[in-house]
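Colleague: I am new to this structure and would like to go through its side-chain contacts and backbone features. Please take the questions one by one.

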Amino acid sequence: MFAKRLALAGAVSLAATAAYADGHATCSFENETEVTMLSAAFEAWVAVTDAMVACGNFEPELDQEFRTKQPEGFAANPSLYQLGGVSNGTITPLLNAGTIRPLDDLIEAYGENLTPNQLIQIDGQTMAVAMMVNTQHMMYRSDIFADLGLEIPTTWEDVLAAAAAIQEAGVVDYPLGATMASGWNLAQDFNNMFVGFGGTFVNDDNTPNVNSEAGLAALDMMMRMTEYMDPEFLVSDSTYVQQQFQQGRIAMANLWASRAAAMNNAEESQVVGLIATSAAPLAMEGGAPATTLWWDGIVVAANISDAEAENAFRLAMEGINPATVEAAPDAAIWLIPGYEPNDMSAGAIATATANPAPPSYPSTTQMGLMHTALGNELAAFFTGDVSAEEALAAVEASYTVAAQEAGLLE
């Protein structure tokens, strides 16, 4: 249901209420209590935290390693952070540990500008407020495709065919980029391809189900991709691929929509106006785009006082209001009133509204354990140390141990 709501959100435009004067952020209240926040470091979080800084006494920590730092930081008592930036893939450890608080009372007091599809409900309680929808979608050099007479790829087989043509033309260092850094990123690229081939991660009894036809097909396709990529692909995370695009070194990648705005940042990009977007390619004909749908949003720490939580939430609302959208309209596919889709969001919207649509990344304990197992075990396949079957068997063994320890399996 949430995925369906997200698919529609990008097409909604409401009148924004500006809180910016002469291009500078202003705040509806003066924050007199120190507030800290840990989130990812992409453009949307920069825009949100910039708006919050205007209120005073706010220290944001934007760090691409946030997902490994948040659990320990929020488990401290008192919490090291009052606020956190999370997604449906990173909220689970905080939920399981009980280190974030329900927000319904705070929303009633200060959330009058929020819309229903921003409210992330777990077991009947609102545990996060979403600010944007995100997905990995195809980004490509429109000038190179035009010069070589290439069609926009709609399947991964099309991507490989285009990559071969681009490689033969020799117009970039590498035809293709991918977020295949060992660990979380490699696991997520596998997840995308796996669901694209119709895979199911776990069975109804919580046993693993990745050492399957879909799992083998996903690894085969990913290995074929590496023939057209930087040989150092196992260190290639989102920032690495973003910079490859900006420096004119690659021609296409299935990259996060949240990175699109950076392509047209003239201060750091050599390809301003040359990057276009389209739906994430299909892994198989008739399937859904080989990707998952995500939201990003804000949570409030449990291990702080109620007064601190109230103040922090009030500050968070300053960051995700329509004025932020007005100031940074291209930084995200916002779920905030006032958002109007632009050319760089076209691929993400096409992905989210595809029929069949890609699934939302599941915020479950089982998926958290599976993602970790995939991140730990798959690199050995790409270095040639094990076969695809051996790598997936190792994933299932690792998941099984973790699931038993978590009480999911006997």
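Modeller: A residue counts as buried under 20% relative accessible area, as exposed over 50%, and as partly exposed in between. This is a predicted model.

Colleague: Is Asp306 buried or exposed?

Modeller: The cut-off for exposed is over 50% relative accessible area. Asp306 has a relative accessibility of 60%, so Asp306 counts as exposed.

Colleague: Which residue forms a salt bridge with Asp306?

Modeller: The closest N and O atoms of the pair are 3.0 Å apart. The two residues lie 205 residues apart and link distant parts of the chain. Asp306 sits in helix α11 (residues 306-319), and its partner is in the loop between α4 (92-97) and α5 (104-110). The partner is Arg101.

Colleague: Is Arg101 buried or exposed?

Modeller: Buried means under 20% relative accessible area. Arg101 has 15% relative accessibility, so Arg101 counts as buried.

Colleague: How many salt bridges does a search of the whole structure find?

Modeller: The bridge between Arg101 and Asp306 is one of them. Another joins the side chains of Lys69 and Glu61, at 4.0 Å from N to O. The search of the whole structure finds six.

Colleague: Which helices are linked by the salt bridge of Arg224 and Glu157?

Modeller: The side chains of Arg224 and Glu157 meet at 2.9 Å, N to O. The pair is 67 residues apart and links distant parts of the chain. Glu157 belongs to residues 156-169 and Arg224 to residues 213-226, which are helix α7 and helix α9.

Colleague: What is the relative accessibility of Glu157?

Modeller: Its partner Arg224 is partly exposed, with a relative accessible area of 28%. Glu157 also counts as partly exposed, at 42%.

Colleague: Which residues do salt bridges with shared partners join into one network?

Modeller: Lys69 and Glu61 meet in a salt bridge. Lys69 is partly exposed at 35% relative accessible area, and Glu61 is partly exposed at 28%. The network is made of Glu61, Asp63 and Lys69.

Colleague: Which cysteines form the disulfide?

Modeller: The structure holds one disulfide. Its sulfur atoms are 1.8 Å apart, and its two cysteines are 28 residues apart in the chain. One lies in the loop between β2 (24-25) and β3 (35-39), the other in the loop between α2 (43-53) and β4 (58-62). They are Cys27 and Cys55.

Colleague: Why is this disulfide of Cys27 and Cys55 right-handed?

Modeller: The handedness follows from the torsion about the S-S bond of Cys27 and Cys55. The disulfide is right-handed because that torsion is about 90°.

Colleague: Is Cys55 buried or exposed?

Modeller: Cys27 is partly exposed, with a relative accessible area of 23%. Cys55 has 4% relative accessibility, so Cys55 counts as buried.

Colleague: What is omega for the peptide bond from Asn77 to Pro78?

Modeller: Pro78 is placed in the loop between α3 (66-75) and β5 (83-87). The bond from Asn77 to Pro78 is cis, with omega near 5°.

Colleague: Which residue does a cis peptide bond join to Asn355?

Modeller: Omega of this bond is about 0°. The partner is found in the loop between α13 (346-352) and α14 (365-377). It is Pro356.

Colleague: What is the phi of Asp123?

Modeller: Asp123 lies in the loop between β6 (119-122) and β7 (125-141). At 78% relative accessibility, Asp123 counts as exposed. Asp123 is not a glycine, yet its phi is positive, about 55°.

Methods: Residues numbered from 1 in each chain as written. Predicted model: local features only at pLDDT ≥ 70, side-chain atom pairs only at ≥ 80, totals over all residues. Heavy atoms only, no water. Buried < 20%, exposed > 50% of the residue type's maximum accessible area, 1.4 Å probe, protein only. Helix = DSSP H or I, 4+ residues; strand = E, 2+ residues; numbered from the N terminus. Disulfide = S-S within 2.5 Å.
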